Amino acid sequence: MNIVASQAEGRVPVTIFEITGDIGAESSGLLRLEAQRAVEAGTRYLLLDLSAVMFISSAGLRAIHQIFMLLRTDSPEESDDAVHRGITSGTYHSPFVKLLKPRSHVLQALKLAGFDMFLEIHSDLQAAIASF
Amino acid sequence: MSPESELVEKLTILNHIAGTLNRAVDVHSVLNDALAELVRLMDLETGWISLRKPAGADGSMSNEWALAAHHNLPPALAPDSGDAWVGLCACQELCMAKRLNEAYNEVHCSRLGRAHGDRRGLAVHATTPLRSGDRSLGILNVAAPDWNAFSPQALSLLTNVGSQMGAALERARLYDLVQERRLHQQAALLEFSDRLLRQRDLDELMSYLVAEVIQMLSADSCALLLPGEEPGFLEFRASSGWRIDPGAERRRVPADERTGPGHVMHTRLPMMAEDIMEHDPAPWVPEWLEREGFRGHAVVPLLAEDRSIGVLVVNQRQPRILRDEELSTLQLMANQAAIAIEKARLHSEEVKMQALERELEIGRQIQLSLLPDAPPVVPGWEFAAFYQAAREVGGDFYDFFSLPTQPERQGLVIADVTGKGVPAALFMARAGTMIRSTALTGLSPAAVLGQANDLMLEDRKAELFVTAFYGLLETDSGRLVYANAGHSRPLLLPAGKGACQELPTGGILLGAFQGIELEEGQVDVAPGDLLVFYTDGVSEAMDTQRRFFGEERLRAVIAANAGASAQEVLEAVVDAVSAFSNGAAQSDDLTLCVIRRCPKP
């Protein structure tokens, strides 16, 4: 797996991770670490470009969930209660982490695990940047 | 006698004496012969040699004396005659006072004067020091009854013989010293190799080695370098005598021709520089190495079966070149160490493998202990289940149980923990227990998984997710009520239909969010219908080209076995997955449960 990070300006500055290869047991640690570094360097909005990811394992899903937790804020809209109510009613999606163009197999894994219930999945880069 | 013939005679005598002295390494054993020869050649009566005992290994002499050789002594001077050899004589005192520099005539010999009995008419003797450099090792005395026996020429000859004997004695002393040092070194090397071979801990072994090299060669520092994780670099694995520990600083040396260690790794030959700071061409000395102030430098390869497995570097803060014997000692130590390091490495790999195998075995045991012994037996239904652990156990789990209050309802759980090994197996054990104990209270499937989710999140230590499907089957009616938290959708093959359908209701996996409310789905299973539950170990089984078995193949195998029993379908799927992966190692557990409602007769 390889990660190329870049910056884009929408209404807010967005960090884009272009991920290439499989997100498996070992690479998921690296993904989490890179996200951690980006957050320490000031990233608040992260778009994960999954268009070149062939496979995501359960460890990869866990890494994405951990990144989601990392970027969650302490605001009332982000409280445990608000998030679980929002997820259940379908009104909550993370304003901080979004996904771009997962391939069908990866999309299937994300949907199966219910990750589409709290993460927006975009198919267009510009629209994704503008949505933050 | 002409001066020429006198000279010839003198040289002949000296030559003879030298020949005798050189006959044996141990000069003491030939001193008697040399003395006898001298007495005979100079036409004298008798002679004796007394030596000072050495005071230390540095060659200094004590004031104790011993009779070392004698020839034809008169009865009055016999070695066992008591009085004659007690105490010092005047010539010995002169010698100790450094006043005996050449041969001279001792007219009044104090020892002869003290001696009682037959002196065979001996009146005078000449005495000469046995010298080595400016040290007097002893004295040589010769005696004759004739007052004229010791001409100036004879005395000069004696002086020369004394010097010759002194040199021979000194040579013998040095030889003994070397022998002693060799013996000491050999003993130390034996001890060293013995300890190396007994040492099983690699780090301790290497620390011992560098300390021992410093001791053996009186070097200032020693370091052991082995190829590191990154190719092309040697890493410091042990060092001693450095001002700043290069291992702790994670210093590395490029393993190429520019550096001494790199060069030695490639050529497998030792390398030395008397002074690296004066070396031409200038060697590779980065700033951290320069700070150490090393000058004298030697590198030897660690050779095991003709391969260099690393290098040993010895440094001195003064210019120094190792002598041949020091270099061969160093190489010998390095070779012994190489064998011991290879042995210790194999040992530690073996220990690691054993630990891993043990862990895998524990994981498998935990896993197996959780699974039901046999699928349930319910009239009108067939149940079949299969579980195969990956080499590194994943966290698959399945369970069948009937509710105590509603025996006509059969519960089925299939679940998968993210992660592998013992942690995943332990977490699965907890999660499985949580699901089962909640399910036995009779709550609805969605409520059961919701409660299990919250219990898992309270148990935050593991940070693992679980995908789980829980279904309650009314065996009377065939209705299956279920909830699915992120698990692979089970497949239904209705009787008489050629294609599988998914059980569509899903939801977020367990362990991610507190308080999730899962949707519940239901499906009616008619006689002849088949249900297949599986984990992603089935759909994501890989072939040798890393292609997935996939859901499509799974659906096709199930459809192709329409009408077969639950056990037959199960076996067909397992065979298809096994044929597809064709020996490729599977990274995940493989779990499959098949339920079939028997067709109406």
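Here is a short back-and-forth on the contact, the pocket and a few side-chain pairs of this predicted model.

In this predicted model, local features need pLDDT of at least 70 and side-chain atom pairs count only at pLDDT 80 or more, while totals for chains, interfaces and linings use all residues. Residues are numbered from 1 along each chain as its sequence is written, chains are lettered from A and ligands numbered from 1 in the order in which they are written, and side-chain values use heavy atoms, with hydrogens and water left out.

Me: Why is Arg546(B) with Asp22(A) called a salt bridge?
Reply: The term asks for a side-chain nitrogen of Lys or Arg within 4 Å of a carboxyl oxygen of Asp or Glu. Here the closest N and O atoms of Arg546(B) and Asp22(A) are 2.7 Å apart, so the pair qualifies. The count between chain B and chain A is one salt bridge.

Me: What makes Arg37(A) and Glu34(A) a salt bridge?
Reply: Their closest N and O atoms are 3.2 Å apart, so they pass by that same rule of 4 Å. Because they sit three residues apart in helix α1 of chain A (a DSSP run of H or I, at least four residues), about one helical turn separates them.

Me: Why is Arg135(B) with Glu170(B) called a polar contact?
Reply: That takes a pair of N or O atoms within 3.5 Å; within protein, one must be able to donate a hydrogen and the other to accept it, and residues adjacent in sequence count only if both atoms are side-chain atoms. The two side chains make their contact at 2.5 Å, so the distance fits. Arg135(B) belongs to strand β5 of chain B, residues 135–144 (a DSSP run of E, at least two).

Me: How do you know how much area is buried between chain B and chain A?
Reply: Buried area is the accessible area (1.4 Å probe) that two parts lose on being put together, summed over both. For chain B and chain A that comes to about 1800 Å², with 62% from carbon and sulfur atoms. On the chain B side, Phe465(B), Ile508(B) and Phe513(B) lose the most, together 28% of what that side buries.

Me: What makes a residue part of the lining of the largest pocket?
Reply: On a 1 Å grid over the protein atoms alone, a pocket is an open set of points where a 1.4 Å probe fits, with protein on both sides within 12 Å along at least five of seven lines; lining residues have an atom within 4 Å of a point. By that rule the largest pocket has 49 lining residues, and Phe55(A) and Asp536(B) are among those nearest its centre. The largest share, five residues, comes from α4(A).
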